Amino acid sequence: MRVNNSTSQVSIIIPTYNESKNIIRVLETISRNLPKNILTEAIVVDDNSPDGTGRLVEDYLKSVKKIADYTIEIIHRKAKDGLGSAILKGIQQAKGDTIVVMDSDFSHPPQIIPKLIETIKKYQYDIAVASRYIKGGKIQGWSLKRKLMSKFATLIAKKGLGINTKDPMSGFFAFKRSIIKELNIDAIGYKFLLEILVKTKDVTIKEIPYTFQNREFGSSKLSIKTIFDYYRSVWKLYRYGKPLEKQEKRSSVKFLSKAGRFYTVGASGFIVNYMISLLFTGGISDMWYLHANVIGIIASITTNFILNKTWTFEDSDFRVKKTISQYGKFAMFSSLGALVQLGMVYFLVDSNEVSYPIALILAVMTAAFGNFVLNKKWTFKEKLLG
Ligand code: GDD
Ligand code: MN
């Protein structure tokens, strides 16, 4: 199939990863559901699928009969680099002023494409979202668990980011290319539409109901990493929305407020430690008190770590390797802090300069401050001030 000489008006972006059982039928169905009298191009973005999806499409392009006003092309990327970045790649290559994005596994019925395009071209909306969560839309074939996950993710987007669209997690949508021209798109994970919805201002959005069908062939690429990516991108988008003047700039204030949070977390850790140690020596089992205390210490280091990571240092990157290495450092510094504390109490009390309660307070404060500085710099890799 040859490339159009004139520029296309509509570009349909179709990312594929291991879709050999679907992609050709999807392309055929799209050709039967093209918008009338509009130059259209389909762009498949394949990430070197091990099942040969890319080659299959190449062969198909050689054999297929040309349809007026319609072209298909394929972009080959070297490796699997995520759905969002595949979409972005397709858009960069696209010639259309209107972009349609859809999956290649028949979850997104191509019959809806003309409606999405009409919403933009004829009714002049900026964004058209194929929606599962408005009247007339539904989901077929998903487990209860997957449905709940989707609902929960949607809820977070709506409440956390103040989105009004009913299905901001839709992977099936169209938009005027001009609305993203000035934007800096991160394209983390699956949530391309969500990012556009958060970053654009004063755009008009229309939702079109459709029935999402779970794929018949192949498997979903949604993984634990996708889910972490989602929370990471929501967090980033959340911060994006905050007006600049609300973000504290003075580094001394930032330092003190973080130190304050760190101390607060420390206090909460003390409570966790205390409760768990008591719980295991009498509450739920009759463990030896030292064993119980070890569990208490480990539990409080863990809760302290999670709270300091997410709250004190505002780090929501939970990639496994990174998180484990941070946790290791954090636990190491905590143990170091305990040693410093013991040593200080011993010296102060032994020298008869101060009483035990005062020595204890001084030692705890010093150890905690040292811990704060070490974790700020080495565990969470922040500048010491700021
Ligand atoms: N090129 C490329 N690279 N394509 C990918 C990649 C990737 O790394 N990961 C996934 N895809 C393609 C798949 O081949 C498929 O066509 C489409 O992106 C969606 O992937 P699925 O793995 O089928 O996603 P899903 O069905 O679990 O999720 C769908 O529903 C969500 C709504 O809850 C998608 O439409 C999501 O975008 C949507 O948010
Ligand atoms: Mn799918």
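**Group meeting: a walk through the model**

Let's start with helix α11, residues 356–379: it has 24 residues and runs 32 Å from its first C-alpha to its last, close to the 34 Å you'd expect at 1.5 Å a residue. Before I go on, a reminder that this is a predicted model.

So what's buried along α11? The list begins with four alanines, Ala359, Ala363, Ala367 and Ala368. Then come Asn371, Phe372, Asn375, Lys376 and Thr379. Notice that a lysine is on that buried list, Lys376. After the helix you reach Lys381, and its phi is positive, near 50°.

Okay, zooming out to the whole chain. We've got 11 helices and nine strands. There are two domains, domain 1 covering 8–219 and domain 2 covering 248–379. Their C-alpha centres sit 47 Å apart. How does the radius of gyration of the protein chain sit against that of a compact globule of 386 residues? The globule would come out near 21 Å, and the chain has 27 Å. The C-alpha trace spans about 95 × 50 × 40 Å along its principal axes. As for burial, 43% of the 386 residues count as buried.

Now the pockets, which I guess is what this crowd wants. The largest pocket holds about 1200 Å³ of space. It has 35 lining residues, and the ones closest to the centre are Gly266, Phe270, Asn273, Ala338 and Gln341. Which elements give two or more residues to that lining? They're α8 (251–283), α9 (289–312), α10 (320–350) and our friend α11. Out of the elements, α8 gives the most, with 12 residues. Here's the bit I'd like you to look at on the screen: the lining splits into 20 nonpolar and 15 polar residues, with no charged ones.

On to the second largest pocket, at about 1000 Å³. This one is lined by 48 residues, and nearest its centre you'll find Leu83, Tyr190, Lys221, Leu222 and Thr226. β1 (10–16), α3 (83–93), α5 (144–161) and α7 (224–241) each supply at least two of the lining residues. The largest share comes from α7, with seven residues. And the classes here? We get 19 nonpolar, 15 polar and 14 charged residues. So put the two side by side: no charged residues lining the largest pocket, and 14 lining the second largest.

Next, the enclosed spaces. There are two cavities of 30 Å³ or more. The largest has about 50 Å³ of space, and its lining is Asp186, Ile188, Lys191, Glu195, Ser233 and Leu237. By class that's two nonpolar, one polar and three charged residues. The second largest cavity has a volume of about 30 Å³. Lining that one are Leu83, Ile87, Val101, Asp103, Gly171, Phe173, Tyr190 and Phe192, which break down as six nonpolar, one polar and one charged. You may recognise Leu83 and Tyr190 here; both were also on the list nearest the centre of the second largest pocket.

A few single residues before I stop. Ala187 sits in the loop between β7 (173–176) and α6 (192–199). Is Ala187 buried or exposed? Its relative accessibility is 9%, so it counts as buried, given that the cut-off for buried is under 20%. Its C-alpha is 5.4 Å from that of Ser85, although the two are 102 residues apart along the chain.

Then the phi angles. Most residues other than glycine have a negative phi. That makes a couple of loop residues worth a click. Asn48 has a positive phi, near 55°, and is found in the loop between β2 (40–46) and α2 (53–63). With a relative accessible area of 52%, Asn48 is exposed, because the cut-off there is over 50%.

The other one is Phe106, where phi is also positive, near 70°. You'll find Phe106 in the loop between β4 (98–101) and α4 (113–121). How much of Phe106 is accessible? Its relative accessible area is 22%, so Phe106 goes down as partly exposed.

That's my tour. If you open the model afterwards, the places I talked through include the lining of the largest pocket, with α8 giving the most residues, and the buried residues of α11, Lys376 among them.

Technical notes. Residues are numbered from 1 along each chain as its sequence is written. Chains are lettered from A and ligands numbered from 1 in the order in which they are written. This is a predicted model: local features need pLDDT of at least 70, side-chain atom pairs count only at pLDDT 80 or more; totals for chains, interfaces and linings use all residues. Side-chain values use heavy atoms; hydrogens and water are left out. The expected span of a helix is 1.5 Å times one less than its number of residues. Buried means under 20% relative accessible area, exposed over 50%, partly exposed in between (1.4 Å probe, protein chains only). Domain bounds come from an automatic or database domain assignment. On a 1 Å grid over the protein atoms alone, a cavity is a set of points where a 1.4 Å probe fits but cannot get out, and a pocket is an open set with protein on both sides within 12 Å along at least five of seven lines; lining residues have an atom within 4 Å of a point. Grid points are joined across faces, edges and corners, and a volume is the space filled by probe spheres set on the points. Ala, Val, Leu, Ile, Met, Phe, Trp, Tyr, Cys and Pro count as nonpolar, Asp, Glu, Lys and Arg as charged, and the others, Gly among them, as polar. The radius of gyration is taken over C-alpha atoms; the globule rule is 2.2 Å times the number of residues to the power 0.38.
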